[in-house]
Amino acid sequence: MDDCIFCRIISGAIPSQRVYEDDEVLAIRDINPQAPVHMLLMPKRHITSLGDVSDSEGPLIGRIALVAASLARDEGLAERGFRFLTNAGPEGGQAVAHLHFHLLGGRQMAWPPG
Ligand code: 5GP
Ligand code: ZN
């Protein structure tokens, strides 16, 4: 989608700091990090949000979670802990309408989220 900022990042039209990539998944560093480690993991195919996935996308969502776990280990977060989340839709606080998951770590997280 030409008007989707993350599709433009995936195509390379907008530069990003890539940390992982395969045929289906891209992980980049967030441009405005909210923690010492802040990555975004997304499907390369445009899906608007977790509210839009179908059963057939189960393996893709599972793969993204496994990539997040691997990146967390790479960043030394496996034992310290980390947070993995998605914001979905207006009340979920989703700003970019291309499904993505945040991987945050390197500081103590608070609960509940704002
Ligand atoms: P959301 O609020 O949709 O869950 O999160 C969107 C995230 O995308 C934010 O953390 C924001 O900093 C990040 N972001 C927005 N534009 C860009 C960009 O052009 N490059 C990168 N690397 N991150 C971006
Ligand atoms: Zn997109």
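Ala, Val, Leu, Ile, Met, Phe, Trp, Tyr, Cys and Pro are counted here as nonpolar, Asp, Glu, Lys and Arg as charged, and the others, Gly among them, as polar. With that grouping, the lining of the second largest pocket of this predicted model comprises 10 nonpolar, seven polar and two charged residues.

This second largest pocket is a good place to begin, for ligand 1 sits in it. The pocket holds about 290 Å³ of space. Its lining is made up of 19 residues, and those closest to the pocket centre are F6, I28, D30, I31 and L40. Two elements, α1 (5–11) and β2 (25–29), each give two or more residues to this lining. Of the contributions to the lining, that of α1 is the greatest, at three residues.

The surroundings of ligand 1 can be described in a similar way. There are 17 residues around the ligand, and R29, D30, N87, A95 and H102 come nearest. By class, the shell around ligand 1 holds eight nonpolar, seven polar and two charged residues. Helix or strand, the elements that supply two or more residues to this shell are α1, β2 and β3 (37–43). Again α1 provides the largest share of the shell, with three residues.

Readers with docking in mind may like the individual polar contacts. For D30, a polar side-chain atom lies 2.5 Å from an oxygen atom of ligand 1. At A95 the partner is a polar backbone atom, which is 2.7 Å from an oxygen atom of the ligand. At I31, a backbone N or O atom lies 3.3 Å from a nitrogen atom of ligand 1. As for burial, ligand 1 taken alone exposes 520 Å², and the protein buries 83% of that area.

The largest pocket comes next. Its volume is about 420 Å³. Of the 16 residues that line this pocket, L85, N87, H102, L104 and P113 are the closest to its centre. Here the elements giving two or more residues to the lining are the strands β4 (82–85) and β5 (101–105). The lining of the largest pocket divides into six nonpolar, seven polar and three charged residues. N87 and H102 thus appear in two lists: they are among the residues closest to the centre of the largest pocket, and they are also among those that come nearest to ligand 1.

One feature of the backbone completes the picture. Most peptide bonds are trans. The bond from W111 to P112, however, is cis, with omega near 5 degrees. P112 lies in the segment after β5, and β5 is itself one of the elements that give two or more residues to the lining of the largest pocket.

Key. Residues numbered from 1 in each chain as written. Chains lettered and ligands numbered in written order. Predicted model: local features only at pLDDT ≥ 70, side-chain atom pairs only at ≥ 80, totals over all residues. Heavy atoms only, no water. 1 Å grid on protein atoms, 1.4 Å probe; cavity = no way out; pocket = protein on both sides within 12 Å on 5 of 7 lines; lining within 4 Å. Points joined across faces, edges and corners; volume = space filled by probe spheres on them. Helix = DSSP H or I, 4+ residues; strand = E, 2+ residues; numbered from the N terminus. Near = heavy atom within 4 Å. Polar contact = N/O pair within 3.5 Å; in protein donor to acceptor, adjacent residues only side chain to side chain. Areas by Shrake-Rupley, 256 points an atom, 1.4 Å probe, with all protein chains shown as cover. Sits in = over half its atoms within 2 Å of the grid points.
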